[in-house]
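The exercises below are meant to be worked through with the sequence and the coordinates open side by side. Each one sets a task and then follows it with a solution in steps.

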Amino acid sequence: MSQKVAVLGTGKIGEALLSGMIRAGWSPADLLVTARRPERAAELRARHGVTPVSNPEAAKTADTLILTVKPQDMGTLLDELAPHIPADRLVISGAAGIPTSFFEERLAPGTPVVRVMTNTPALVDEAMSVISAGTHATEADLTHTEEIFGAVGKTLRVPESQQDACTALSGSGPAYFFYLVEAMTDAGILLGLPRDKAHDLIVQSAIGAATMLRDSGEHPVKLRENVTSPAGTTINAIRELENHGVRAALIAALEAARDRSRELASGNNN
């Protein structure tokens with residue numbers, strides 16, 4: 001872990017990654033950050049002991065560059081970085097929808113690029129980070145990327161052709177669960193519960209259900225059937241969910257997220 005790693009455009013996810021890497025054993029002295037605002041850079045230095053630098057300095061100095069700016073800002077960042085990045089640098093992109101070819105076309109020939117789609121549970125070390133190799137990325141590059149993102153959760157390698165689907169499923173996934181918890185909490189209030197009690201009931205049920213899904217090895221259908229008694233309360237609720245097309249709505253929502261990821265890849269940022 002003596003290689004220097006730079007996080008460029010360090011927002012919430014970038015900072016979570018830095019924090020996780022330090023807990024996992026990286027030395028703050030080997031971590032560089034860039035930020036648009038000087039006060040943000042100073043905040044990162046004070047909080048984590050990392051070194052703020054300019055984007056060109058990061059490109060010249062770091063062995064690995066992690067680009068965490070918004071997709072619409074990536075082209076501008078690459079224009080700034082390209083003259084300074086040697087072909088032996090590993091470039092990791094965390095931008096939704098942008099293929100590795102976008103970077104390879106703008107960087108020195110042979111530059112290894114790895115594409116990663118992580119999600120906001122990185123803030124609590126429970127991220128799901130999906131990793132895909134560009135044309136020139138080696139097994140060592142992928143392993144190094146897994147070491148970095150493994151500091152804030154789980155990692156999974158997939159072919160890049162599956163990245164848009166993964167973005168829809170896990171990149172945006174936490175928002176769907178937050179949306180469901182919001183709706184179920186409102187339902188609890190409608191049923192006569194105070195908001196705080198309804199929230200606690202739903203959140204702990206979600207944690208318990210997720211743990212069972214992860215640890216039991218059972219199919220979700222089996223776990224659901226274990227809760228669903230004949231002529232009971234749960235089957236009545238499930239019937240209403242089916243009557244209102246919740247399953248179909250979720251499928252359509254994920255397809256819409258995937259399609260938007262593809263639009264971002266084609267350069268449509270509007």
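## Exercise 1: Two residues with positive phi

Asp125 is partly exposed, with a relative accessible area of 29%. Starting from this residue of the predicted model, determine in which loop Asp125 is found, and then carry out the corresponding analysis for Ala231, asking whether Ala231 is buried or exposed.

*Solution.* The first step is to place Asp125 in the chain, where it is found in the loop between strand 6 (113–117) and strand 7 (127–133). The second step is to read its backbone: Asp125 is not a glycine, and yet its phi is positive, at about 60°. The background to this step is that most residues other than glycine have a negative phi.

The third step turns to Ala231, which also is not a glycine and has a positive phi near 60°. Ala231 lies in the loop between helix 10 (220–227) and helix 11 (233–243). The last step is accessibility: with a relative accessible area of 77%, Ala231 is exposed, the cut-off for that class being over 50%.

## Exercise 2: Helix 1 against helix 2

Describe the packing of helix 1 (residues 12–23) and helix 2 (residues 38–48), giving the angle and the axis distance, the handedness of the crossing and the residues that make the contact.

*Solution.* The geometry comes first: the two helices pack at an angle of about 20°, and their axes are 11 Å apart. Angles under 35 degrees count as roughly parallel, and helix 1 and helix 2 are therefore roughly parallel to each other. The handedness follows as a separate step, the crossing of helix 1 and helix 2 being right-handed.

The contact itself is made by Lys12, Glu15, Ser19 and Ile22 on the side of helix 1, and by Arg40, Leu44, Arg47 and His48 on the side of helix 2. Sorted by class, the contact of helix 1 with helix 2 comprises 4 charged, 2 nonpolar and 2 polar residues.

## Exercise 3: The two partners of helix 7

Analyse how helix 7 (residues 163–171) packs with helix 12 (residues 246–265) and with helix 8 (residues 173–190), and state how the residues of each contact divide by class.

*Solution.* For the pair with helix 12, begin with the axes, which come within 8 Å and cross at roughly 130°. That makes helix 7 oblique to helix 12, and the crossing of these two helices is right-handed. The next step is to list the residues: Asp164, Ala165, Thr167, Ala168 and Leu169 of helix 7 meet Leu254, Ala257, Arg258, Ser261 and Arg262 of helix 12. By class, the contact of helix 7 with helix 12 has 5 nonpolar, 3 charged and 2 polar residues.

For the pair with helix 8, the packing angle is about 30° and the axes of helix 7 and helix 8 are 5 Å apart. Here Ala168, Leu169, Ser170 and Gly171 of helix 7 meet Gly173, Pro174 and Tyr176 of helix 8. This contact of helix 7 with helix 8 has 4 nonpolar and 3 polar residues, and no charged ones.

## Exercise 4: Separation along the chain and in space

For Arg157 and Ile131, and then for Ala24 and Ile238, set the separation along the chain beside the separation of the C-alpha atoms in space.

*Solution.* Arg157 is found in strand 8 (residues 153–157) and counts as partly exposed at 33% relative accessibility. Arg157 and Ile131 are 26 residues apart along the chain, and their C-alpha atoms are separated by 4.7 Å. Beyond its neighbours within four places in sequence, Arg157 is in contact with Ile131, Glu139, Leu142, Thr143 and Glu146.

Ala24, in turn, lies in the loop between helix 1 and strand 2 (31–34) and counts as partly exposed at 39% relative accessibility. Its C-alpha atom is 43 Å from that of Ile238, which is 214 residues away along the chain.

## Exercise 5: Annotated domains

Which residues does each of the two UniProt domain annotations cover, and what are their helix and strand contents?

*Solution.* According to the unreviewed UniProt entry, "Pyrroline-5-carboxylate reductase catalytic N-terminal" covers residues 4–97, a span that is 40% helix and 19% strand. The record also places "Pyrroline-5-carboxylate reductase dimerisation" at residues 160–264, and that span is 82% helix and 0% strand.

Technical notes
Residues are numbered from 1 along each chain as its sequence is written. This is a predicted model: local features need pLDDT of at least 70, side-chain atom pairs count only at pLDDT 80 or more; totals for chains, interfaces and linings use all residues. Side-chain values use heavy atoms; hydrogens and water are left out. Axes are lines fitted to C-alpha atoms, for helices over the stretch in contact, and angles run from 0 to 180 degrees between N-to-C directions. Helices (H or I, at least four residues) and strands (E, at least two) are DSSP runs, numbered from the N terminus. Angles under 35 degrees count as roughly parallel, over 145 as roughly antiparallel, 65 to 115 as roughly perpendicular and the rest as oblique. A crossing is left-handed if the near helix is turned anticlockwise from the far one by less than a right angle, and right-handed if clockwise. Contact means heavy atoms within 4.5 Å. Ala, Val, Leu, Ile, Met, Phe, Trp, Tyr, Cys and Pro count as nonpolar, Asp, Glu, Lys and Arg as charged, and the others, Gly among them, as polar. UniProt positions are given in the numbering used here, feature names are shortened, and annotations may be inferred rather than shown by experiment. Buried means under 20% relative accessible area, exposed over 50%, partly exposed in between (1.4 Å probe, protein chains only).
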